[in-house]
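Subject: Handover of a structure and notes on its contents

Dear colleague,

Please find below the structure that I am handing over to you. I would be grateful if you could keep it open while you read the notes that come after it.

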Amino acid sequence: MEETEKNDQSPQPSIVPAAWDASRIEKGQVGVDTKQKSDLFLAQEFGPDSDKSNTGSGRETLLGDETYPEGGLQAWLVVFGSWCGLLASLGLMNSIATFQTYVATHQLSNYDEGTIGWIFSLYTALCFLCGVYIGPLFDRYGPQWLVGPGGLLVVASVMIMSICTEYWHFMLGWGILNGIATSLLFTPCLTAVGHFFRERRGFASGLASTGGGLGGVAFPLIMQSLFDKVGWGWALRIQGFICLFLLGFSSLLVRKRLPPAKNASPHPDFHIMKERAFLLLTIGVFFLELGLFIPLAYISSYALANGFSEKFAFQILPILNAASVFGRALPGWWADKIGAFNTNMISLCVTIFACYVVWLPFGHTTAGLVMFAILFGFATGNNISITPVCVGKLCHTQHYGRYYATCYTVVSVAVLISLPVAGSIVKATNGSYWGLILFTGLTQIISVVAMYAAKVESVGWSPWTNF
């Protein structure tokens, strides 16, 4: 498989007439040997005539002979810039359990968990939903006009949240403003890495996304320390200045390399959902994200409800995010060896094991909850960093932003409803969390089935195919 990818950078002779339908080729029809499925997929993916999406301005013309630096000073500076941007933006996202637990016991103590959950679910949903235009805009114009303004708005949102006292304050200042701001950073930081790496894309993307995990470790610990010393307001203001410093590097270093496709439109194109492999992958990511944010938001509340100290309840989230750092970096290297889809499905199986074999029966014990946090953090860290690589397997690099944004626009619906649904489940079970745990595991089961179906649609039934 690796040899195929290397050879694919040079023009390939046509194997079958271009008029034949690509889906028939993948299924081994029209006289083509089914053993060549993965080779044919790569030829379809990166060939000059592979992209059949249309826009209002006519058929788009793609470069047919792309090369990738796979390293070098500029490439690694882009990775570092993306790392800084994700450390600030996703670091805040991975700290929502700290925010939600604090405001639920202080400023918004007269509201139930489900109502408070709407603030943070709207925030995470907008991070993905606004990407429907951010991705195509990145493809067409680059990151310069996205990352800088996004960074300033993230800092402004953190500063505004430091003075919020009412429910609608938090909804506007954090849920809406920070959600939109983070979307301006999220897609460009992840997409830009793909312009410099192909064979090592899994590793490079994983390395950049470790920033979000490290932020999820550092930010809750910083806030826990500052809450008692300087209070809520100055704790968040200090956090805002840290983000300003990091996002300054991001706005300077994040760049794109490949030119846009000729006549490329800045508008989203939902016609690509007609591609069955992409549709199945989107369904898989939908359920993956539906379950992913529930432990991130509720693990601290779960700890308090099960008699753990407040100090431990705030520390369990950094443990989960620390495991996520390793989960984002190490499997990225494995994904380059055994395939992004394969790595993602293995991690989903680990997540299911963590929910049903560790959290459900042993979560009320210190060892059980810590073990769950480690397993879940490691596995979902891989899912977060490798899922964009999976999207890239199904499209041309110059359309990566559009495919990625389209996928996560659909996924934003899952993120929007996940925390309110989880809060309602806890309320329906009289404050017990067993229903929430069962629901979280079920979402991951559906996800792994859908992702395997997407792989089957692309390269066939064999579970051993490198894809």
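The notes below go through contacts between side chains, then cavities, and then some single residues.

Please bear in mind that this is a predicted model.

**Cysteines**

Across the whole structure, the search finds zero disulfides. Cys-127 may serve as an example: the nearest cysteine sulfur belongs to Cys-130 and is 8.2 Å away. A disulfide would require the two sulfur atoms to lie within 2.5 Å, so Cys-127 and Cys-130 do not qualify. Cys-127 is buried, and its relative accessible area is 1%. Cys-355 is buried as well, with a value of 0%.

A further cysteine, Cys-407, belongs to helix H15. Its relative accessibility is 0%, so Cys-407 counts as buried. The C-alpha atom of Cys-407 is separated by 8.5 Å from that of Val-132, although these positions lie 275 residues apart along the chain.

**A salt bridge between two helices**

How many salt bridges does the count give? The count comes to one. Its partners are the side chains of Arg-276 and Glu-457, with 3.2 Å from N to O. Arg-276 lies in helix H11, which covers residues 276-305, and Glu-457 lies in helix H16, which covers residues 434-459; the pair therefore ties together parts that are 181 residues apart in sequence. The two partners may also be described by their accessibility. Arg-276 is partly exposed, at 43% relative accessible area, whereas Glu-457 is buried, at 18%.

A second pair of residues joins the same topic. Val-456 is placed in helix H16 and counts as buried, at 16% relative accessibility. The C-alpha atoms of Val-456 and Ala-277 are separated by 8.2 Å, while the two residues are 179 residues apart along the chain.

**Aromatic rings**

The count of aromatic pairs comes to 20. One of them joins Phe-80 and Phe-249: the ring centres are 6.0 Å apart and the planes stand at 70°, so the pair is edge-to-face. Planes over 60 degrees apart are what this label requires. Phe-80 lies in helix H4 (residues 73-93) and Phe-249 in helix H10 (residues 201-253), so this pair ties together parts that are 169 residues apart in sequence. Phe-80 counts as partly exposed, at 36% relative accessibility, and Phe-249 likewise counts as partly exposed, at 33%.

Tyr-302 and Tyr-433 form another edge-to-face pair, with 5.3 Å from centre to centre and 90° between the planes. Tyr-302 lies in helix H11, and Tyr-433 lies in the loop between helix H15 (400-428) and H16, so the pair ties together parts that are 131 residues apart in sequence. Are these two tyrosines, Tyr-302 and Tyr-433, buried or exposed? Both Tyr-302 and Tyr-433 are buried.

Aromatic residues also group together: Phe-99, Tyr-102, Tyr-123, Trp-174, Phe-227 and Trp-232 form one aromatic cluster.

Charged side chains meet rings too. The charged end of Arg-237 sits over the ring of Trp-234, at 5.0 Å from the ring centre. Lys-256 lies over the face of Phe-138, with 5.8 Å to the ring centre.

**Cavities**

Rolling a probe the size of a water molecule over the atoms shows where empty space is left. In the whole structure, the search finds four cavities of 30 Å³ or more. The second largest cavity has a volume of about 120 Å³. Its lining consists of 15 residues, and those nearest the centre are Leu-90, Met-93, Phe-186, Phe-293 and Ile-384.

Which helix gives the most to the lining of the second largest cavity? Helix H11 does, with four residues. At least two lining residues come from each of H4, helix H9 (167-193), H11, helix H14 (366-392) and H15.

**A residue in a loop**

Lastly, Asn-430 is found in the loop between H15 and H16. Its phi angle is near 60°, which is a positive value in a residue other than glycine. Asn-430 counts as exposed, at 73% relative accessibility.

With kind regards

Conventions
Residues are numbered from 1 along each chain as its sequence is written. This is a predicted model: local features need pLDDT of at least 70, side-chain atom pairs count only at pLDDT 80 or more; totals for chains, interfaces and linings use all residues. Side-chain values use heavy atoms; hydrogens and water are left out. Buried means under 20% relative accessible area, exposed over 50%, partly exposed in between (1.4 Å probe, protein chains only). A salt bridge is a side-chain nitrogen of Lys or Arg within 4 Å of a carboxyl oxygen of Asp or Glu. Rings of Phe, Tyr and Trp (its six-membered ring) pair if their centres lie within 6.5 Å; planes under 30 degrees apart count as stacked, over 60 as edge-to-face and the rest as tilted. A charge sits over a ring if NZ of Lys or CZ of Arg is within 6 Å of the ring centre and within 35 degrees of the ring normal. On a 1 Å grid over the protein atoms alone, a cavity is a set of points where a 1.4 Å probe fits but cannot get out, and a pocket is an open set with protein on both sides within 12 Å along at least five of seven lines; lining residues have an atom within 4 Å of a point. Grid points are joined across faces, edges and corners, and a volume is the space filled by probe spheres set on the points.
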